Amino acid sequence: MIKVAGVVTLYNPDSEVKKNIESYLLEIDKLYVIDNTPNKENRQVLPNSNKIEYLPQYDNVGVASALNIGSKKAIKDKYSWLLTMDQDSKFKKNQLSKMIDYIEKNDCKMVGIISPWHVINTGIEKPKDDIDYPLEVMTSGNLINLQAYKKVCGYKDWYFIDDIDIEYCMNLNINGYKVVRLNYVELKHDLGDIEIKHKLGRDFVCSNHNYIRRYYMVRNTFYLCDSYNEYFPEYCKFLKRGLRGQLQNIILFEKDKFRKVYNMYRGYRDYKKNIKGKYPYIK
């Protein structure tokens, strides 16, 4: 049986984190916990296990950097596959073992990611096929091939948060690696305060992300499309249309409209100025 490490990123975690981690801890050999909570440690919310290596950063270094820290630790410790988890995600019993079993029974040298089906409250219907090959998947619950990780030079630290998963998957694709999704494996993934609004016979999905996330979403989407439009022009058009749809939904349905819209503008402005990295407007 292959040995698998895992990485989970913490940021002001609540008490549910312990249960979430316990849903997969028994099925992996090592877990790197990267704590991005500023000026604080959160050891008390973790299970008591010698499998856990706790790595507090005492600052929010971003999701991409946390994933890179965990990936490099796993490579140093001689693991070939790494489970990437969000603090608010959990597997049903023995689901992760099915993903590991897929790796053991198939030639996965040119597979960059094995992903589960993400159970989220957006109304998206699960494909009928047991296995499919999407262009991109969300980060949480994935098993990443660490040889492929080295080939594509990891995650882009300067994205900080948002579109990190899309960029990584696109990078894998243009380097010849597949993204494989096992739809018979389910991960419960909390995407936050999602609401579906009904108006004029239509459904509108409102993510209710805060204004800082709106900044990253706009800025990073434009950087992403600059990098990959040559390879995926239709998907890049789709992503930009999605930004317009989000703007519409904010104006129609969401709270804190002004700050969200203004920070979408800031994100585009900073993209044009080639500004990258952490949100620069917190005093």
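**Exercise 1. Is the crossing of helices α6 and α8 left-handed or right-handed? Determine also how the two helices are oriented and which residues join them.**

*Solution.* The model is predicted: local features need pLDDT of at least 70, side-chain atom pairs count only at pLDDT 80 or more, and totals for chains, interfaces and linings use all residues. Residues are numbered from 1 along each chain as its sequence is written, and side-chain values use heavy atoms, with hydrogens and water left out.

Step 1. Locate the elements. Helix α6 covers residues 211–228 and helix α8 covers residues 257–272; helices (H or I, at least four residues) and strands (E, at least two) are DSSP runs, numbered from the N terminus.

Step 2. Read the geometry. The two helices pack at an angle of about 30°, and their axes are 7 Å apart. Axes are lines fitted to C-alpha atoms, for helices over the stretch in contact, and angles run from 0 to 180 degrees between N-to-C directions.

Step 3. Classify the angle. Helices α6 and α8 are therefore roughly parallel to each other (under 35 degrees; over 145 is roughly antiparallel, 65 to 115 roughly perpendicular, and the rest oblique).

Step 4. Assign the hand. The crossing of α6 and α8 is right-handed: the near helix is turned clockwise from the far one by less than a right angle, whereas anticlockwise would be left-handed.

Step 5. List the contact (heavy atoms within 4.5 Å). Helix α6 contributes Tyr211, Arg214, Tyr215, Val218, Arg219, Phe222, Tyr223 and Asp226. From α8 come residues including Arg259, Lys260, Asn263 and Met264. By class, the contact has 8 nonpolar, 2 polar and 7 charged residues (Ala, Val, Leu, Ile, Met, Phe, Trp, Tyr, Cys and Pro count as nonpolar, Asp, Glu, Lys and Arg as charged, and the others, Gly among them, as polar).

**Exercise 2. Describe how helix α7 packs on α8.**

*Solution.* Step 1. Helix α7 (residues 233–253) and α8 pack at an angle of about 160°, with 9 Å between their axes. The pair is therefore roughly antiparallel.

Step 2. The crossing of α7 and α8 is left-handed. Leu243, Leu247, Ile250, Ile251, Leu252 and Phe253 of α7 meet Lys257, Lys260, Val261 and Met264 of α8. This contact has 8 nonpolar, no polar and 2 charged residues.

Step 3. Asn249 also lies in α7. This residue counts as buried because its relative accessibility is 8% (buried means under 20% relative accessible area, exposed over 50%, partly exposed in between, with a 1.4 Å probe and protein chains only). Leaving aside neighbours within four places in sequence, Asn249 is in contact with Phe204, Val205, Cys206 and Glu254.

**Exercise 3. Characterise the surroundings of His118.**

*Solution.* Step 1. His118 belongs to strand β6 (residues 111–119) and, at 8% relative accessibility, counts as buried.

Step 2. A polar atom of the His118 side chain lies 2.6 Å from the backbone oxygen of Ser140.

Step 3. Neighbours within four places in sequence set aside, His118 is in contact with Met138, Ser140, Asn142, Leu187 and His189.

**Exercise 4. Which residues does Val63 touch, not counting those up to four places away in sequence, and how many residues of α5 are buried?**

*Solution.* Step 1. Val63 is placed in helix α2 (residues 63–76) and counts as partly exposed at 27% relative accessibility.

Step 2. With residues up to four places away in sequence not counted, Val63 touches Asn36, Phe160, Ile161 and Ile164. The C-alpha atoms of Val63 and Ile161 are separated by 5.5 Å, although the residues are 98 apart along the chain.

Step 3. Helix α5 (residues 164–174) has 9 of its 11 residues buried. Among them are Ile164, Tyr168 and Leu172. Just after α5, Gly176 takes a positive phi of about 90°.

Terms used. Polar contact = N/O pair within 3.5 Å; in protein donor to acceptor, adjacent residues only side chain to side chain.
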